[in-house]
Amino acid sequence: MFTRDPIFLAAAVLCALTAPSALAWDAGPPLEGAQAQEPEVEPAPEPEPEVAQEPESEPAPEPEPVEEPEGEPQPEPAPAAEEEPAPEPAAAADGAIDLGEVIVTARKWEESLAGMTQSVTNLSGVELDEAGVRSVRDASALVPNLLVPEFTARRLSFPFVRGVGSGQGEPAVTTVIDGVPQLATGGANLPLVGVERLEFQRGPQPMIGRNSLGGVIRLVTAPPAGEPSSSHELTAGEHGLLEYRVGYSGPVTGEGFGFGFEGLRSVRDGFSRNALTGNLVDSRDLYFGRAQIVAAPTDDSELRVTLHAERSRDGGFALSDLGGLRADPHSIIQDFEGEVHRDIVAPAATWTNRGDTLDFTSITAFQRYDLLETSDLDFTPLDLVRRSTTESMDHFNQELRLSSSEAAPVEVAEDATLAWMAGVHLFVADAERDSANTFGADSDPGIGLPPSGTIGADSGHFEDVGMGVFVQATLTLHERLALSAGLRYDREEREADLSSSMELGGVPIIPGVDESLSEDFEQLSPHVGASYALDGGVHLYASLAEGFKPGGFNLTSPSGPGAFDPETSRSIEVGMRRSWERASVQLAFFDIAWDDLQISLFDPATGAGFVDNAGAANSRGMEIELDLEVCEGFSLVSGLGLVETELEEYVDSFGQDDAGNSLPFAPDQTSHLGARLHGELAGDARWFANAELVGVGDYFYDAGNLESESYQLLNLRAGIECGDWRVTLWARNALDEDYVPIAFQSSPFDPSQFVGESGAPQQVGVSVRVSF
């Protein structure tokens with residue numbers, strides 16, 4: 001853990017390095033920008049010397065106008081209009097645009113990262129490909145203060161940002177796919193196939209509304225290409241890994257129509273072996289596809305219809321006693337080996353119409369999610385209790401947005417423009433959850449368990465209807481100061497029909513429970529922010545935002561079925577962004593306060609997760625990200641996050657007073673350092689090599705802070721490209737680090753007993769890709 005002092009020390013050092021030169025140095029161009037700042041280089045530019053001379057001899061320079069931005073130094077920003085959409089952030093007056101080439105959609109409209117008033121890490125599809133990222137969890141290693149612990153069963157993946165997160169239940173960090181929020185954790189962890197960019201937005205996102213207290217993970221898929229193209233990639237690696245990826249993108253009959261498809265077939269043997277049977281238990285088997293059709297009947301309108309679907313048939317949980325895993329990683333002893341099946345179908349349609357003064361967007365989406373899960377609930381070689389779970393969920397989303405024209409914000413004064421947006425979001429969710437614990441041959445009342453053959457069953461039907469109304473605006477003054485404000489009102493009506501029973505041979509051995517619950521929740525969530533552009537491509541910003549997560553119902557808990565309260569948070573953030581010709585830096589400081597914090601816990605008696613309210617809590621810390629092109633063919637990417645969290649009041653289910661403890665799954669530091677090299681070979685061939693060192697500092701599995709983990713991973717990639725072909729050798733967890741990323745308390749009587757799963761071991765493999 002750390003105190004505030006190192007944070008402010010880091011701030012002082014960074015300000016000393018950046019602030020004086022930011023005020024004195026003129027026209028630091030963006031990373032991909034035009035000429036360097038030395039004027040003597042410009043009279044003889046390298047690409048076309050004659051272009052630089054023509055303006056001097058000819059008053060009307062008609063030849064090759066496309067190249068004029070490179071040949072002429074200009075005081076205005078060089079990028080084309082589409083790179084600087086509606087809510088124009090304040091650009092530096094000398095023409096340097098801080099991170100102006102990076103476009104994000106954090107506030108539902110496209111805008112430059114420069115003007116954002118919250119932390120955003122933007123990873124393009126090219127960057128994801130270069131780093132070998134295949135999942136959101138892979139990408140999370142490149143984002144400060146983000147931890148995504150997950151079980152081998154792909155549906156159980158839980159993002160935590162700055163200590164804000166959720167296990168069982170609904171997420172506190174929402175995944176948004178092409179503008180559609182995923183309402184449950186179980187259907188959000190999808191393969192990164194056909195992704196144009198991945199945005200990690202840290203801090204509450206009121207424009208998204210519910211379940212975004214910690215932030216948003218936004219997947220933006222690539223639209224169809226203007227020219228036909230296809231790709232095929234085959235990957236083989238240790239542990240029986242085989243993957244085949246295929247993609248096609250291009251126009252179809254008629255101008256303005258496009259089609260795209262990406263598919264993935266992936267299988268892998270298990271990482272962990274059951275010492276009792278000799279079997280590998282946590283295998284993976286996946287089919288995944290994403291398709292889209294885009295129709296643009298006019299220059300100002302577009303209809304985009306997308307569909308993604310998944311069929312996964314994974315092995316069971318590789319859970320074992322925490323002490324045993326640390327002594328003998330990837331080894332379990334269970335009498336029963338379960339499985340996890342997941343099926344997802346998710347169509348969506350987005351209609352956009354752009355006018356001279358107004359833009360309109362409609363997003364209609366549906367998701368069907370089915371789950372079957374079986375597991376050994378006692379985690380031992382004895383036949384004590386086995387658990388089976390089924391879930392079915394249907395989610396419908398409809399969002400309507402009206403905004404000022406992206407191409408022409410409203411001019412409210414000579415040096416003032418206003419971009420605004422208003423909208424409504426409606427959703428309906430319907431879910432069925434059923435579980436059964438079957439007590440086996442070794443179960444006996446003499447050891448505190450029901451007689452053999454007893455079945456304990458729980459069933460729940462959950463309905464949720466919600467509406468959100470939102471409005472936001474950004475006022476830009478003198479192309480330097482941008483003031484933004486937003487407000488969202490959410491209202492939800494939730495109902496649940498819950499039942500539980502315990503029977504032996506069809507005869508109840510304890511009275512059953514049948515309960516119907518209903519609750520209404522509503523919340524106003526504001527956001528205000530400001531950014532200011534200094535000379536030299538420096539942007540300062542500050543923001544205040546509130547987040548909201550509705551209450552709900554536990555199907556099971558130590559006290560039986562019941563309700564839990566909503567959670568709210570308030571976040572203050574200040575930060576800075578700056579670009580040079582060959583570098584960029586982002587720095588942020590934050591302070592978060594919670595009321596009625598929801599904590600996800602495990603009920604060992606029923607084998608199910610439940611949610612409890614922990615009262616007040618806080619989190620504070622900082623993040624810094626630095627990208628640097630050291631020289632031609634050699635660049636560095638790095639990030640560091642520091643966080644300190646505290647539970648102000650909470651007595652857990654074991655009767656322990658956890659006040660003053662750290663929040664679960666909130667590492668005191670996260671870091672990454674990556675080196676990327678490339679060079680030319682004979683002909684049109686080139687080589688490349690990447691190395692990524694990832695560090696996760698101490699974090700606790702539980703609110704009692706009884707068990708913790710920390711680890712470091714090294715990932716390597718190297719290969720050759722030649723024409724349409726690419727061959728890559730890769731190693732994940734190259735040093736074969738042993739670690740346990742996730743664990744939970746397994747005994748209703750002893751809080752010191754934990755079970756967990758080993759993290760992925762070393763994997764080495766090769767990928768071959770061809771593109772046409």
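**Figure 1. Pro508, an exposed proline in a strand of this predicted model.** Pro508 has a relative accessible area of 54%, so it counts as exposed. Its place is in strand S26, which covers residues 507-534. If we set aside residues up to four places away in sequence, Pro508 touches Met502 and Glu503. A useful distance to check on your screen is the one to Gly456: the C-alpha atoms of Pro508 and Gly456 are separated by 9.7 Å, with their positions 52 residues apart along the chain.

**Figure 2. Ser362, a buried serine with a polar partner.** Here we move to strand S20 (residues 358-376), where Ser362 is found. Is Ser362 buried or exposed? Its relative accessibility is 14%, and the limit for buried is under 20%, so Ser362 counts as buried. The side chains of Ser362 and Gln398 are joined by a polar contact of 3.2 Å. Gln398 also appears among the residues that Ser362 touches, together with Ala349, Thr350, Trp351, Glu399 and Leu400; residues up to four places away in sequence are not counted here.

**Figure 3. Strands S31, S34 and S35, joined by antiparallel pairing.** Start with strand S31 (residues 583-595), which runs antiparallel to strand S34 (residues 617-631) and is joined to S34 by twelve bridges. To find your way along this pairing, look for Phe589, which stands opposite Met622 in S34. S34 is also joined to strand S35 (residues 634-647), again antiparallel, by 14 bridges. A handy landmark for this second pairing is Glu625, opposite Gly639 in S35. S34 and S35 form a hairpin with two residues between the strands, and in this hairpin Gly633 takes a positive phi near 90°.

**Figure 4. The open sheet S17-S41-S40.** Three strands make up this open sheet, in the order S17-S41-S40 and with antiparallel pairing. Which strands are at the edges? They are strand S17 (320-321) and S40, each of which pairs on one side only. S40 pairs with strand S41 (residues 754-757) in the antiparallel sense, over four bridges. For a residue-level view of that pairing, take Ala743, whose bridge partner in S41 is Gly756.

**Figure 5. Two residues with positive phi in the loop before S40.** The loop between strand S39 (725-732) and strand S40 (742-745) contains Asn733, and Asp736 is found in the loop between S39 and S40 as well. Neither residue is a glycine, yet phi of Asn733 is near 50° and phi of Asp736 is near 55°. How do their surroundings look? Asn733 is buried, with a relative accessible area of 5%, whereas Asp736 counts as partly exposed at 38% relative accessibility.

**Figure 6. The ring pair of Phe151 and Phe744.** A search of the whole structure finds ten aromatic pairs. One of them is formed by Phe151 and Phe744, an edge-to-face pair with 6.2 Å centre to centre and 65° between the planes. Why does this pair tie together parts of the chain that are 593 residues apart in sequence? Phe151 lies in the loop between strand S4 (146-147) and strand S5 (160-161), while Phe744 lies in strand S40, so the pair connects those parts. Phe151 counts as buried at 8% relative accessibility, and Phe744 counts as buried at 15%.

**Figure 7. An aromatic cluster and two charges over rings.** Ring pairs link five residues into a cluster: Phe160, Phe665, Tyr699, Tyr701 and Phe754. Two further close-ups show a charged end and a ring. The charged end of Lys108 sits over the ring of Phe470, 5.0 Å from the ring's centre. The charged end of Arg268 sits over the ring of Phe271, 3.8 Å from the centre of that ring.

**Figure 8. The whole protein chain, for orientation.** To close, here is the setting for the views above. The protein chain has six helices and 42 strands, and of its 772 residues, 53% count as buried. Its accessible surface comes to about 31700 Å², of which 58% belongs to carbon and sulfur atoms. Among the contacts in the chain with a separation of 6 or more, 66% are accounted for by residues 24 or more positions apart.

Methods
Residues are numbered from 1 along each chain as its sequence is written. This is a predicted model: local features need pLDDT of at least 70, side-chain atom pairs count only at pLDDT 80 or more; totals for chains, interfaces and linings use all residues. Side-chain values use heavy atoms; hydrogens and water are left out. Buried means under 20% relative accessible area, exposed over 50%, partly exposed in between (1.4 Å probe, protein chains only). Two strands pair if DSSP finds at least two bridges between them. Contact means heavy atoms within 4.5 Å. Accessible areas come from the Shrake-Rupley method with a 1.4 Å probe; for residues, only the protein chains shown count as cover. A polar contact is a pair of N or O atoms within 3.5 Å; within protein, one must be able to donate a hydrogen and the other to accept it, and residues adjacent in sequence count only if both atoms are side-chain atoms. Rings of Phe, Tyr and Trp (its six-membered ring) pair if their centres lie within 6.5 Å; planes under 30 degrees apart count as stacked, over 60 as edge-to-face and the rest as tilted. A charge sits over a ring if NZ of Lys or CZ of Arg is within 6 Å of the ring centre and within 35 degrees of the ring normal.
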